[in-house]
Amino acid sequence: MTRPFRERIARAAGAKKSSIVLALDPPANRRKLPGFAAKTIRAVEQHICAVKMNFHLILPLSASEISRINKLVHSYGLQSIADIKLNDIENTNEVAIDHLTRMGFDAVIANPFIGKGGLAVLVQEAHRTNAGVIALVYMSHPGAREGFGLEVGGRRLYREFLERAAGARADGIVVGATQLDILKQVASQLPVYSPGIGAQGGDAEQAVKSGADYLIIGRLIVEAVQPAKVAKEIQSKILSVRK
Ligand code: XMP
């Protein structure tokens with residue numbers, strides 16, 4: 001029987017000795033997206049544990065093109081995450097999970113703003129098909145404080161989102177690498193996925209020291225002249241912090 005997503009990605013990270021999740025976002029105006037995706041995955045697969053796809057690929061590509069990318073991802077022993085920040089009514093979330101798992105995604109990022117019950121149903125539905133759910137807790141961009149940092153009923157919204165994620169048995173949470181204080185607060189409650197390294201100002205070593213379990217990295221690697229070299233350097237930095 002297939003292991004749960006949380007275990008699959010932990011095993012991939014162990015096997016690859018890397019906790020980098022590659023944000024496979026093509027640069028603006030890039031053409032021939034399937035070719036870009038395949039070339040980038042092949043170049044860096046030894047230095048990452050998972051690939052995250054966002055609207056950059058999910059919107060322009062067909063379901064069969066995405067499925068082929070996911071097959072390539074899996075052929076290298078990597079996991080695949082759909083970053084669509086799912087945030088809708090139960091029925092629509094269920095349909096989305098169904099399409100995403102058919103395309104070969106292992107997990108989806110969701111927004112706990114949908115509510116405790118909605119998130120719990122979404123996680124149950126995903127787990128039924130062996131997929132995982134990673135819940136937003138505090139995003140990486142400066143405007144995150146205007147939402148995730150809002151004070152509601154005497155406490156910050158992200159604390160409520162953290163509780164919802166834990167209560168719903170989500171497989172992980174997203175906290176920006178640009179939010180080191182918040183990373184420290186939430187570390188080791190659920191696996192923490194941290195975007196915002198490089199282009200958004202976050203630092204890989206600081207994020208790992210502050211409790212990030214997985215680092216989501218896009219432009220720093222994808223747009224490098226030598227993506228494999230950059231990915232390998234970050235992989236080594238993370239390993240030396242965790243020694
Ligand atoms: P860069 O190029 O900034 O790409 O390394 C980061 C990728 O991650 C997405 N992103 C987020 N996804 N929660 C998420 O679920 C976040 O807080 C967040 N911040 C950035 C971004 O869209 C890109 O795909």
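A polar contact is a pair of N or O atoms within 3.5 Å; within protein, one must be able to donate a hydrogen and the other to accept it, and residues adjacent in sequence count only if both atoms are side-chain atoms. The model is predicted, with local features needing pLDDT of at least 70 and side-chain atom pairs pLDDT 80 or more, while totals for chains, interfaces and linings use all residues. Residues are numbered from 1 along each chain as its sequence is written, and side-chain values use heavy atoms, without hydrogens and water.

**Exercise 1.** Find the side-chain polar contacts of the ligand with Ser140, Asp83 and Lys52.

Solution.
- Step 1: From a side-chain N or O atom of Ser140 to a nitrogen atom of the ligand is 2.6 Å.
- Step 2: For Asp83, a side-chain N or O atom is 3.0 Å from a ligand nitrogen atom.
- Step 3: Lys52 places a polar side-chain atom 2.9 Å from an oxygen atom of the ligand.

**Exercise 2.** Sort the residues of the shell around the ligand into nonpolar, polar and charged.

Solution.
- Step 1: Ala, Val, Leu, Ile, Met, Phe, Trp, Tyr, Cys and Pro count as nonpolar, Asp, Glu, Lys and Arg as charged, and the others, Gly among them, as polar.
- Step 2: The shell then holds nine nonpolar, four polar and five charged residues.

**Exercise 3.** Compare the radius of gyration (over C-alpha atoms; globule rule 2.2 Å times the number of residues to the power 0.38) of the chain with that of a compact globule.

Solution.
- Step 1: For 243 residues the rule gives a value near 18 Å.
- Step 2: The chain has 17 Å, which agrees.
- Step 3: The C-alpha trace spans about 50 × 40 × 40 Å along its principal axes.
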